[in-house]
There are 2 protein chains.
Amino acid sequence: MEALDYHAEERRKAEFDLEEMKIVWAGSRQNYEISDRMARLVASDPVFRKDNRTMLSRKDLFKDTLRKAAHAWKRIIELRLSEEEAHMLRSYVDQPAFTDLHWHEKWLPMAYKMQIIGCYAQTELGHGSNVQGLETTATFDPQTDEFVIHSPTLTSSKWWPGGLGKVSTHAVVYARLITGAQDHGVHGFIVQLRSLDDHSPLPGITVGDIGMKFGSGAYNSMDNGLLRFDHVRIPRNQMLMRVSQVTREGKFVQSDVPRQLVYGTMVYVRQTIVSDASCALARAVCIATRYSAVRRQFGSQNGGPETQVIDYKTQQSRLFPLLASAYAFRFVGEWLKWLYADVTQRLQANDFSTLPEAHACTAGLKSMTTSVTADAIEECRKLCGGHGYLSNSGLPELFAVYIPTCTYEGDNVVLLLQVARFLMKTVSQLGSGKKPVGTTAYMGRAEHLMQCRCEVERAEDWLKPSVILEAFEARAFRMSIACAKNLSKFSNPEGGFSELSPDLLEAAIAHCQLIVFSKYIEKLQQDIPGKGVKRQLEILCNVYALHLLHKHLGDFVTTSCITPKQGALANEQLRLLYSQVRPNAITLVDAFNYTDHYLGSVLGCYNGNVYQRLYEEAWKDPLNDTVVPDGYLEYVRPILKQHIRTARL
Amino acid sequence: MEALDYHAEERRKAEFDLEEMKIVWAGSRQNYEISDRMARLVASDPVFRKDNRTMLSRKDLFKDTLRKAAHAWKRIIELRLSEEEAHMLRSYVDQPAFTDLHWHEKWLPMAYKMQIIGCYAQTELGHGSNVQGLETTATFDPQTDEFVIHSPTLTSSKWWPGGLGKVSTHAVVYARLITGAQDHGVHGFIVQLRSLDDHSPLPGITVGDIGMKFGSGAYNSMDNGLLRFDHVRIPRNQMLMRVSQVTREGKFVQSDVPRQLVYGTMVYVRQTIVSDASCALARAVCIATRYSAVRRQFGSQNGGPETQVIDYKTQQSRLFPLLASAYAFRFVGEWLKWLYADVTQRLQANDFSTLPEAHACTAGLKSMTTSVTADAIEECRKLCGGHGYLSNSGLPELFAVYIPTCTYEGDNVVLLLQVARFLMKTVSQLGSGKKPVGTTAYMGRAEHLMQCRCEVERAEDWLKPSVILEAFEARAFRMSIACAKNLSKFSNPEGGFSELSPDLLEAAIAHCQLIVFSKYIEKLQQDIPGKGVKRQLEILCNVYALHLLHKHLGDFVTTSCITPKQGALANEQLRLLYSQVRPNAITLVDAFNYTDHYLGSVLGCYNGNVYQRLYEEAWKDPLNDTVVPDGYLEYVRPILKQHIRTARL
Ligand SMILES: Cc1cc2nc3c(=O)[nH]c(=O)nc-3n(C[C@H](O)[C@H](O)[C@H](O)COP(=O)(O)OP(=O)(O)OC[C@H]3O[C@@H](n4cnc5c(N)ncnc54)[C@H](O)[C@@H]3O)c2cc1C
Ligand SMILES: Cc1cc2nc3c(=O)[nH]c(=O)nc-3n(C[C@H](O)[C@H](O)[C@H](O)COP(=O)(O)OP(=O)(O)OC[C@H]3O[C@@H](n4cnc5c(N)ncnc54)[C@H](O)[C@@H]3O)c2cc1C
Ligand SMILES: [Ca+2]
């Protein structure tokens with residue numbers, strides 16, 4: 001039974017070379033091979049089984065996670081995996097653990113070798129987004145050449161750091177540096193939390209887990225923790241002194257290392273988040289697409305089979321834009337890797353000119369791609385009807401584990417406001433001759449973008465990348481200009497910014513959508529081998545752009561970038577594009593090359609044998625251990641036998 | 001500490017009479033009193049505690065649910081509660097149990113008295129939305145005067161019915177009626193599943209739970225079940241014979257009871273779903289609003305307190321429309337109660353004329369209000385930043401338990417397509433002199449709606465209900481007309497409907513939004529006592545309408561209902577309205593009168609003592625039972641001590 005491929009027919013319909021598309025998706029043949037090898041390694045190892053994860057208690061789940069983390073570590077050593085391979089392997093294990101925290105590798109080389117386990121303790125009960133408001137103090141004691149780390153208030157308790165609650169032995173603690181009577185703002189300090197002998201918390205340290213989070217499995221495998229300090233002393237050299245230092249005498253010295261340096265790390269981290277977004281989105285889309293081809297409902301003619309729900313235009317109009325977005329985010333993620341390399345190179349050459357733009361760009365893309373992905377996972381679940389609500393559809397857990405990315409590494413709204421601020425600054429400098437760079441370069445063509453008119457006359461005109469690009473550029477630019485104009489009416493610019501912030505958010509989103517689309521077009525300008533591969537990517541690129549145009553029609557029309565008639569033509573073209581995606585849909589998600597293990601979804605399994613598997617999985621629920629449920633005698637039988645009722649009435 | 005009210009200042013700011021608003025929200029003074037009494041009854045009873053719910057295993061959760069259900073039943077009897085009081089009490093228990101399944105009360109009076117426990121077994125593995133495609137068979141055997149109930153295929157297994165898996169003794173089973181060689185389509189049959197003595201499944205019955213669903217607590221308290229029949233025999237009189245009958249001789253007879261009768265039940269059930277939507281939405285909004293007033297981030301001036309995040313315009317623009325929607329859904333839910341009464345009365349008088357319209361209207365409102373509510377709960381969670389991701393924020397569980405309402409009692413997309421079909425029919429009959437009724441009556445003013453122009457010139461013109469109403473009517477009507485026009489271009493109307501279905505969805509949504517808004521206006525035309533109460537409701541009504549206008553600006557502008565300039569003015573007015581909501585926000589959510597028990601949220605607690613409670617709750621996680629976690633010795637220490645590494649390298 002399992003040998004049958006229920007999707008065989010679908011797979012035959014594909015109009016492109018799957019193997020080449022897999023390579024495009026992976027980024028290169030080498031990436032593809034590593035990724036494929038690591039995925040299979042994890043999938044075939046019984047220690048990494050995860051099908052019973054949602055049924056484990058918190059304690060068992062946590063222990064299971066430690067076991068998997070140790071096993072992954074062991075395999076990495078045994079197989080002498082490269083850093084890249086190790087990263088892939090861990091990501092296919094797909095169970096957040098202390099060993100997955102990216103910054104390890106960057107910040108604490110010693111920690112990477114795991115002589116200590118570190119965590120990143122910035123957020124407090126009272127402060128997350130506003131890092132400058134943190135309350136933990138690090139007071140220099142010149143007598144002993146030490147810092148005294150202290151939690152002066154309840155709200156100063158560290159709260160959220162992953163790995164902190166139960167496993168970390170050390171933390172990078174962000175605290176207000178105090179020398180004498182002076183507060184020098186927030187700096188980082190390395191603090192040991194637990195004994196390396198028996199793991200017990202050191203004197204003055206209170207540490208624990210902050211409790212259950214969204215979902216049953218999901219992020220509950222991670223010990224996000226709380227931490228309080230009661231005058232804990234650390235040597236002076238445990239301050240992170242790259243940007244500022246405290247001397248033996250207690251003098252505070254700013255180094256001449258520019259503050260923008262920290263942007264480099266941010267660009268790195270956010271770039272990984274964008275590329276993770278494309279993975280998560282692809283995963284949800286893969287499940288929903290495969291199931292939509294298996295699921296049949298209505299439309300049977302003369303007793304023949306019913307219609308596959310993927311053939312309904314509403315299903316297509318909900319699903320295919322998400323498929324297109326997965327590819328779009330993939331390519332912009334790839335480009336961000338290049339951007340990070342570029343930024344790093346420039347930093348080494350002391351060229352900081354592109355940093356603010358790179359920073360705004362990654363902030364915006366982090367925000368936009370994670371918000372879209374979070375919503376998309378839930379939409380994919382809904383696309384699966386009732387069965388999507390079962391844990392074994394894989395979608396509930398994917399949602400629960402994914403959504404915090406909208407909050408951590410910068411709240412998505414706070415980030416978009418930063419982008420908007422950068423856009424307003426860029427606009428305000430347009431007159432001054434300072435040329436906008438990078439992803440804001442289009443703003444240099446101000447005059448053209450303010451007056452250009454879209455020339456679409458027939459639906460097929462909407463297939464020209466240059467036409468769509470101009471519409472997106474004009475829309476983004478005109479929205480920024482409109483905001484700037486409205487801002488100028490306020491006497492207090494900060495007050496104006498705050499008052500108009502909802503509009504500014506929308507301008508920032510328009511800008512980010514433009515970036516994603518334009519990077520997709522750039523990708524298409526490359527040489528892409530393989531029969532039909534480029535053609536498919538072009539179709540998806542158009543789906544990506546035109547669905548956004550339809551969704552934000554108000555933006556495009558009210559800024560006179562397009563006419564209502566042109567909007568209707570775009571919509572017509574979009575429908576035609578869906579029909580072109582349809583025969584290729586299954587193969588387009590096959591290109592993600594996800595194993596059934598990684599997908600963790602009965603509905604999304606490769607061979608489409610959905611019903612058999614749903615039925616088999618059901619019996620594994622602990623509730624089915626007995627035919628008569630625990631509690632029947634005490635709580636159900638008395639009601640049935642009316643004992644309660646008759647006793648009183 | 002707990003005595004302090006952190007919201008006292010906020011509560012003093014309110015510009016209206018809270019007690020009167022509570023009555024408006026509850027629908028009447030009597031409703032308010034019942035609801036208040038039941039909420040307190042539940043909150044004060046230790047059996048109904050639910051704060052550890054997300055930490056229970058599936059089995060323990062299920063047993064806990066049976067215990068609560070039995071206890072609720074006991075209290076209902078002891079206190080001789082009315083049906084209405086009993087319903088309220090159960091809903092405040094807030095843990096889905098077999099005793100909550102509405103149809104009990106309607107369909108099986110015997111079951112209400114609990115001599116049996118029934119469930120509604122319609123959906124199968126292979127068929128949900130398409131009821132006519134069900135595969136279970138009920139074959140009449142004239143020899144024994146029995147029906148033979150059978151599951152001929154894997155996909156015919158019953159799947160999803162609540163209460164089926166572990167507790168139901170009986171089920172209303174939907175199956176294809178076969179007499180002789182004839183298939184008469186799907187009918188209902190009452191089938192006993194389990195022994196009333198020892199609860200064991202009867203011969204030929206395979207029954208069990210279908211497994212874990214979204215979330216950790218949430219709907220996992222319910223035993224949604226699977227069921228297979230192996231030639232199970234039931235007496236002929238166990239067919240539900242209201243609409244059709246089978247005679248002793250095996251003759252199939254259609255009664256003259258009109259088929260529309262079933263619409264009556266649908267109107268009833270969907271009306272309760274709409275009113276539940278307003279409750280769930282209000283709950284999420286209450287949590288997010290209270291926390292947004294406690295949470296301060298950024299904006300400290302000279303060391304003073306930071307800005308409450310509720311003062312940020314972006315926070316307001318995300319939150320206040322949801323607050324307004326909660327009130328709007330409340331009022332449309334109230335109106336639906338009237339509609340149901342009206343429909344029932346007409347049915348008794350054999351007047352079926354309004355049924356199709358009532359059916360389309362409730363289908364649309366069910367779809368629209370549940371989709372908005374589901375998304376809104378997640379938005380409220382995001383509005384709480386990192387802490388919203390903790391289970392004890394109450395929002396994750398609320399989301400997980402709420403979202404299946406988008407799927408059950410009709411998939412929301414399938415329902416909207418039904419609405420669209422009804423709209424197209426109404427439009428096609430406009431010429432024929434048949435006057436559209438009820439919520440489609442506005443279509444009778446076709447000529448006016450096709451040519452009217454919005455007369456807004458200044459932002460404050462957008463405060464006139466008649467102005468907004470006309471814009472909403474014109475937009476909905478013109479979208480329907482545009483769809484009808486495009487449909488007429490297809491030679492095959494069904495093919496056209498399917499091809500244009502994404503546009504038809506949008507037209508249906510526009511129609512539903514109009515209904516909600518117009519019922520809100522009707523509510524405001526009533527006499528509403530209490531200082532400032534009506535004023536607040538007017539402000540929220542305008543927020544509701546103008547945020548939709550902004551969100552769907554493309555619809556309004558491309559149909560020439562409003563100009564871009566007028567759209568901008570609406571947006572300006574919306575911002576001003578937010579400022580008017582702001583001082584009343586906390587009191588507007590107090591008006592929901594939710595107990596801390598029901599809210600189940602550390603972030604949303606009445607007195608706002610958020611940080612203290614977060615800190616205390618954390619320690620209750622089982623992971624904190626020991627300082628050194630289970631698994632440390634086996635899986636963490638060896639890594640730290642480099643045993644694995646050095647062993648191999
Ligand atoms: C799963 C998870 C893992 C985490 N891991 C770590 C970790 O390892 N280490 C660590 O230090 N931290 C960690 N965090 C914490 C995380 O970084 C913060 O939660 C995040 O920065 C958001 O901050 P916040 O919670 O203070 O949100 P808040 O800032 O309180 O946000 C609340 C609301 O206020 C709004 N808001 C805030 N400021 C503004 C403004 N200026 N203008 C307009 N609106 C505003 C937000 O948009 C949001 O709607 C983690 C969090 C989670 C959920
Ligand atoms: C928590 C829960 C409780 C439930 N309780 C019960 C119960 O007590 N008793 C019972 O009998 N059932 C119950 N159900 C089942 C429920 O009624 C069905 O899941 C629901 O009717 C949806 O049907 P489906 O699952 O077949 O979805 P599908 O119809 O398979 O939907 C899959 C996708 O196809 C799309 N689609 C389907 N048809 C069309 C079409 N014609 N045009 C366009 N798109 C289409 C849908 O929009 C959706 O995106 C329950 C379900 C849940 C989740
Ligand atoms: Ca659990």
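A polar contact, as the term is used on this tour, is a pair of N or O atoms within 3.5 Å. Keep in mind throughout that the structure on screen is a predicted model.

**First stop: ligand 2**

Select ligand 2 and display the 30 residues around it, among which A:Arg295, B:Tyr120, B:Thr123, B:Ser129 and B:Asp411 come nearest. Colouring by chain is useful here, because residues from chains A and B surround ligand 2 and the site is therefore shared between chains.

Now look for the polar contacts on the chain A side. An oxygen atom of ligand 2 lies 2.6 Å from an N or O atom in the side chain of A:Arg295, and an oxygen atom of the ligand is also found 3.1 Å from an N or O atom in the side chain of A:Arg318. At A:Leu383 the partner belongs to the backbone, where a polar atom is 3.4 Å from an oxygen atom of ligand 2. If you switch on a surface, bear in mind that ligand 2 taken alone exposes 960 Å², of which the protein buries 93%.

Next, show the helices as cartoons and select α9 (313-348) and α10 (355-383) of chain A along with α12 (412-428) of chain B, each of which supplies at least two residues of the shell around ligand 2. Coloured by residue class, that shell separates into 14 nonpolar, 12 polar and 4 charged residues.

**Second stop: ligand 1**

Move to ligand 1 and select its surroundings, again 30 residues, with A:Tyr120, A:Thr123, A:Ser129, A:Asp411 and B:Arg295 coming nearest. Since residues from chains A and B surround ligand 1, this site too is shared between chains.

Which side-chain N or O atom lies 2.5 Å from an oxygen atom of ligand 1? Select A:Ser129, whose side chain provides that atom, and then step to A:Gly128, where a polar backbone atom is 3.1 Å from an oxygen atom of the ligand. A nitrogen atom of ligand 1 takes part as well, at 3.5 Å from a polar backbone atom of A:Trp160. On its own ligand 1 has 970 Å² of accessible area, and the protein covers 92% of it.

For the helices of this site, select α12 (412-428) of chain A together with α9 (313-348) and α10 (355-383) of chain B, since each supplies at least two residues of the shell around ligand 1. The classes in this shell are 14 nonpolar, 12 polar and 4 charged residues.

**Third stop: α9(A) against α19(A)**

Return to chain A and display α9(A) with helix α19 (residues 564-581), which pack at an angle of about 80° with their axes 10 Å apart, so that α9(A) is roughly perpendicular to α19(A). To see the contact itself, show the side chains of A:Lys313, A:Gln316, A:Ser317, A:Phe320, A:Pro321 and A:Leu323 from α9(A), with A:Arg575, A:Tyr578, A:Ser579 and A:Val581 from α19(A). By class, this contact holds 5 nonpolar, 3 polar and 2 charged residues.

**Last stop: α2(A) against α17(A)**

Finally, select helix α2 (residues 18-26) and helix α17 (residues 533-551) of chain A, whose axes come within 9 Å and cross at roughly 55°, which makes α2(A) oblique to α17(A). Here A:Glu20, A:Met21 and A:Val24 of α2(A) meet A:Val533, A:Gln536 and A:Leu537 of α17(A), and the residues of this contact divide into 4 nonpolar, 1 polar and 1 charged.

Note on methods. Residues numbered from 1 in each chain as written. Chains lettered and ligands numbered in written order. Predicted model: local features only at pLDDT ≥ 70, side-chain atom pairs only at ≥ 80, totals over all residues. Heavy atoms only, no water. Near = heavy atom within 4 Å. Polar contact = N/O pair within 3.5 Å; in protein donor to acceptor, adjacent residues only side chain to side chain. Areas by Shrake-Rupley, 256 points an atom, 1.4 Å probe, with all protein chains shown as cover. Helix = DSSP H or I, 4+ residues; strand = E, 2+ residues; numbered from the N terminus. Nonpolar A, V, L, I, M, F, W, Y, C, P; charged D, E, K, R; others polar. Axes fitted to C-alpha atoms, helices over the stretch in contact; angles between N-to-C directions. Parallel < 35°, antiparallel > 145°, perpendicular 65-115°, else oblique. Contact = heavy atoms within 4.5 Å.
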